[in-house]
Amino acid sequence: MAYVLGVDVGTTRIRCFAIDKEGRSLSSHFTGVEVLHPQPGYSEIDPECLWQGFKDVVSTTIGSGHLDPSQASCLGITCQRNTFLLWNRSTSQPLCNLITWQDRRADEVCKLWNSSMQFKFLKLGGGFLHLISRSKRFLAASIVTLTTQQVAPRLYWALNNVEGAKKLANEENLCYGTVDTWILWKLTNGSVHATDYSHVSPTLLFDPFQMKYSDTIINVLGFPRSIFPEIKDTGGLFGHVAAEHFGAAIPITGVISDQTSATFAQGCWEPGDLKCTLGTGWKIGSELIFLAEANFPSSGSVCEWGARFSLFSDPSETEAIAESVQDSNGVCFVPAFDGIQAPYNDPRATASVIGITHSTTKEHLVRAMLESLAFTFKQIYDVAQGELSVKIKQIRVDGGVTKNNFVLQTISNLLGKTVERPTDVDMTVYGAIYIAGLSSGFWKSRDEIKSLWKLDRCFVPKTEDATRATSVQYRLWQKAVERSLEWYDQIENGDEN
């Protein structure tokens with residue numbers, strides 16, 4: 001039986017699925033990913049361990065499902081974004097661990113460059129040219145800011161601090177790559193050094209207006225061009241897996257970043273479709289799709305924090321706990337474990353709990369935590385509505401947190417819109433499978449793919465009173481967010497006011 005293999009390489013786990021033409025799972029397997037923290041602010045993954053985990057999940061999926069590897073029509077890969085490493089082109093030996101998107105070691109680099117004369121001139125020049133031409137490319141240049149989530153500042157740090165990096169770069173024997181590039185390199189025994197548009201677009205190394213690496217950023221930061229991988233279409237032939245790995249030379253026909261993959265799997269292909277993952281863009285042939293994305297990286301951390309402090313033993317309990325009280329009794333939880341994104345874009349903000357009184361109970365805290373997830377989505381949604389030229393028509397959600405009915409009902413009440421949840425809330429790997437399958441001809445059209453999506457439940461806005469009460473709490477929460485901004489700047493500067 002022919003099938004498609006899909007692998008999702010996430011920050012905490014690697015999953016592989018084998019799917020048939022009707023979308024049925026024939027076999028699957030997953031393994032954990034160990035994230036290392038050798039110093040405060042550092043976040044790393046051992047690249048060889050990640051590669052071994054990748055091989056293990058694919059081999060086990062094929063073996064446990066008693067599948068013939070020669071019947072695998074193709075392989076699709078989706079990966080966490082903005083996690084990268086450097087390696088020796090000749091020997092394939094890594095020079096360092098993978099530096100993850102959560103790593104903060106380049107914080108000082110960001111401060112240095114954001115306040116530098118080069119960046120000030122870049123912004124001024126971009127602003128002036130935008131006034132003359134009204135070009136969005138120049139508008140983007142006028143507001144460019146380095147943050148630690150982007151690859152560019154961490155790559156600058158690595159090239160200047162990782163032993164041997166500069167020497168190999170001068171010899172044109174150094175490779176840079178995000179997780180997808182590293183996996184492709186290992187799968188093909190070093191014959192393919194490539195990435196796709198969805199992985200390169202959020203790195204700050206890419207110019208979406210020119211559809212190529214950014215000459216401006218590369219020149220300003222002094223990056224050697226020889227280190228960068230070729231950018232390929234998201235859907236298309238990247239190469240073949242060396243037969244020694246899984247027993248067959250499987251074509252690799254889809255490489256797509258995690259959030260983009262989930263968006264594609266949800267069938268959000270039209271202007272105005274919105275997908276929210278609680279727990280960029282793609283190019284297929286001549287078709288180029290741009291996505292407007294706002295990022296909230298701490299949604300999973302909220303439940304992890306609550307469990308750590310024994311507010312509940314399992315996240316599945318939180319829905320009932322939150323609904324056991326009428327409201328959060330004025331308690332506001334700000335989930336800024338990794339700073340706050342749009343509309344504030346403040347990496348120095350702090351997570352906080354505000355409004356605790358003598359009458360506060362565990363139930364109030366749990367409800368405030370869940371409300372914070374819905375409120376954060378509302379905040380991002382409002383930014384999207386204000387900046388996009390298209391009206392948001394459809395809202396679909398995925399991710400582990402979306403199993404929580406309270407969170408989704410709160411979102412529906414806040415937005416006054418219907419929210420749709422699929423039967424499978426872990427959609428990321430399916431996007432890679434569908435992209436690869438379409439590109440290889442396993443599926444002939446997107447209509448076939450669309451028919452595989454199944455609705456679990458629609459959440460519709462409740463009564464006017466419930467909606468009004470939620471809105472009042474949201475406004476109170478916004479005040480709590482403002483109190484949490486620039487917190488670490490105040491601490492470092494000794495401001496106790």
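In which sense do strand β5 (residues 72–79) and β14 pair, and over how many bridges? Select the two strands together: they pair in the parallel sense, over 5 bridges. Two strands count as paired if DSSP finds at least two bridges between them, and strands here are DSSP runs of E with at least two residues, while helices are runs of H or I with at least four, both numbered from the N terminus.

Before going on, note that this is a predicted model, where local features need pLDDT of at least 70, side-chain atom pairs count only at pLDDT 80 or more, and totals for chains, interfaces and linings use all residues. Residues are numbered from 1 along each chain as its sequence is written, and side-chain values use heavy atoms, leaving out hydrogens and water.

Now zoom in on Leu-75, which stands opposite Ile-252 in β14. Next, add strand β13 (residues 235–240), which pairs with β14 in the antiparallel sense over 3 bridges. Here, look for His-240 opposite Pro-251 in β14.

Stay with β14 (residues 251–257) and show its surroundings: 6 of its 7 residues are buried, so the strand is largely enclosed by the rest of the structure. Buried means under 20% relative accessible area, exposed over 50%, and partly exposed in between (1.4 Å probe, protein chains only).

Finally, zoom out to the whole protein chain. Its secondary structure comes to 19 helices and 22 strands, and buried residues make up 53% of its 497 residues. Turn the C-alpha trace along its principal axes, and the spans are about 65 × 60 × 45 Å.
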